[in-house]
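Please read the following points with the structure open beside you, and look up each residue as it is named. The notes move from one helix to the cysteines and then to the hollow spaces.

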Amino acid sequence: MKTYDAIVIGSGISGGWAAKELTERGLQTLVLEAGRPINPETDYVEHVPMWEMKFRGMGDRMQRSKEQPIQQQCYACDEMAHKFFVNDLENPYTTPPDKPFSWIRGRQVGGRSIMWGRQVYRWSDLDFEANAREGIGADWPIRYADIAPWYDYVETFVGISGQTEGLPQLPDGKFLKPMALNCAEQLVKNAVARAWPGGERLVTIGRCAVLTEAHNGRAACHYCGPCHRGCITRSYFSSVNATLPAAQATGRLTLRPYSVVHSVIWDPKRGRATGVRVIDGQTKHPLEFKARVIFLCASTIESARILLNSDHSLANSSGQVGKNLMDHIMGGGASGRVDAPLDRDTIGNRPNGIYVPRFRNVGKNKSSFVRGYGFQGGGGRSDWGRGAEQAGFGAEFKKALRHPGPWGFSLYGFGEMLPRPENFVEIDKTKVDAWGIPVVKIHCAYGDNEKALVHDMSISGAEMLAEAGAHDIQPFTSDNPPGLVIHEMGTARMGKDPKTSVLNAHNQTHDVPNLFITDGACMASTACQNPSITYMALTARAAAYAVDAMKRNEL
């Protein structure tokens, strides 16, 4: 049996970066993906208009209700993109009756990097130091200075559009030119700046992994809009669009789809992981693959599941594998109508919105709760997308398309979730998936601090719209279950102490030196920013460390 230099489990955001870095640094690398291969020429369908869809964009709701009752809770699981989401009948999991969790998954080459929201925001030491400062969870073993060069590195490759703002709580990055605000967004931005001078609150364009100019052989975005259906021009970043092609170009990549990883193989005599057990996704035959080093990038919950299904509860001497599951909390904010010029329209189907960086518990600003939240959202005209997104017929419908409605504006909050040991995953030994692998039981619920954040979102969002002179302001709060933000984190956290954490400062498991975990499982806290750029930076950093250690014969 061939022994590879490295095995990467998963081909999504983290797995793609691991594949790129390991192959470019000289390693023969096998990438194992549970799902099918992707052919962009046929699978990317962002340009299919609604009137050419079989169900006119509504989808086969009866079929999806049967096969994807959980996945269809995500807005992106629509008629054209539902194929990028798992079949819930084949991929079950369990929860306690009083603790629902919406686990949104993509099993194909590229994973969820095909459908992700593409928002990318660096963390600062306000985030990396929070656990230590407040005595919550485990202290991060790194600080911003450790990861800043790796943020630079991945942003330079990815291509991030954004506006520099000079905020200490939201470090600026390596940006391409920003997308433009529309007139309603500029109106609100100016009003917020007047009401909170000095940058206490600030409205800026979102920082997103969508190109505004040609970059690394990929074309600039042309604002067609439905990015979750794919991107034939490769204008947004995904594993399929960028990192996997880079790895393939080295000649050192072996990509194996339909490879459902069961567990990691452990050799107690050598104190090393030697490979992985796989169930072939099509034949369901068991297989084994060997390697000198293993990168586990299967996603937060799936990576914990693989470890817990492995021999000797692998890498779990701390008892922390599966513990401290987190997701962001969303759903507080406000909406209203603003008096922006009616002779101006939106700027194409811009795949981005505005961002209001965290302003609670920043500097001397203290609240009754800990941590904070940011707002995403933006301005738009009602009925502007009718011709592309809704069915209609006849002359009157065509005339109506010339007269979109008034400008509206929304602020939608995303807040931090605290790490708590009572939020965890375990193996449910009473149930298996379609490949005979025991599934996870997920125990997760938001606490009082998260609920306080959501309440405050509705108040502060309404305040900002009021300052902008908005009409019909509607504050709102939502009772979304954990998981639906699709930012799961924390089941194999990094830490300084092997007794209270799974990974060290280089994403290397304390117990198994040749096993690295660089997906969301590694996170010791969530901050309030979208986490994917941090996964990418940590993965690139860990891969460099692993290759150097291999050259020193330490792995």
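1. In this predicted model, the buried residues of helix α12 are covered by a set of elements that includes helix α7 (183-195) together with the strands β10 (329-337), β11 (354-356), β12 (373-381), β13 (407-415) and β16 (471-476). The residues of α12 that are buried are N449, E450, L453, V454, D456, M457, S458, S460, G461, A462, M464 and L465. When you look at their spacing, it helps to recall that an α-helix has 3.6 residues a turn, so residues three or four places apart point the same way.

2. Helix α12 itself runs over residues 448-467, which is 20 residues, and it reaches 29 Å from its first C-alpha to its last, close to the 28 Å expected at 1.5 Å a residue. Just after α12, G469 takes a positive phi of about 75°.

3. How many disulfides does the structure hold? The count is 0, and C208 offers a case to work through: its sulfur has that of C221 as the closest cysteine sulfur, yet the two are 8.0 Å apart, which is too far for a bond, because a disulfide requires the sulfur atoms to be within 2.5 Å. C221 is likewise in no disulfide, since the nearest cysteine sulfur to its own, that of C227, is 6.0 Å away. C208 is also buried, with a relative accessible area of 0%.

4. The structure holds 2 cavities of 30 Å³ or more, and the largest cavity has a volume of about 110 Å³. Which residues lie nearest the centre of this largest cavity? Of the 15 residues that line it, those are C221, C224, G225, C227 and C231. Sorted by class, the lining of the largest cavity comprises 9 nonpolar, 5 polar and 1 charged residues.

5. The second largest cavity has a volume of about 40 Å³, and its lining is formed by D127, Q169, L170, Y355, P357, R358, C528 and Q529. By class, this lining of the second largest cavity has 4 nonpolar, 2 polar and 2 charged residues.

6. Turning to the pockets, the second largest pocket has a volume of about 490 Å³. It is lined by 24 residues, and the ones closest to its centre are K83, F85, V86, N87 and E90. The lining of the second largest pocket divides into 6 nonpolar, 9 polar and 9 charged residues.

How values were computed: Residues are numbered from 1 along each chain as its sequence is written. This is a predicted model: local features need pLDDT of at least 70, side-chain atom pairs count only at pLDDT 80 or more; totals for chains, interfaces and linings use all residues. Side-chain values use heavy atoms; hydrogens and water are left out. Helices (H or I, at least four residues) and strands (E, at least two) are DSSP runs, numbered from the N terminus. The expected span of a helix is 1.5 Å times one less than its number of residues. Buried means under 20% relative accessible area, exposed over 50%, partly exposed in between (1.4 Å probe, protein chains only). Contact means heavy atoms within 4.5 Å. On a 1 Å grid over the protein atoms alone, a cavity is a set of points where a 1.4 Å probe fits but cannot get out, and a pocket is an open set with protein on both sides within 12 Å along at least five of seven lines; lining residues have an atom within 4 Å of a point. Grid points are joined across faces, edges and corners, and a volume is the space filled by probe spheres set on the points. Ala, Val, Leu, Ile, Met, Phe, Trp, Tyr, Cys and Pro count as nonpolar, Asp, Glu, Lys and Arg as charged, and the others, Gly among them, as polar.
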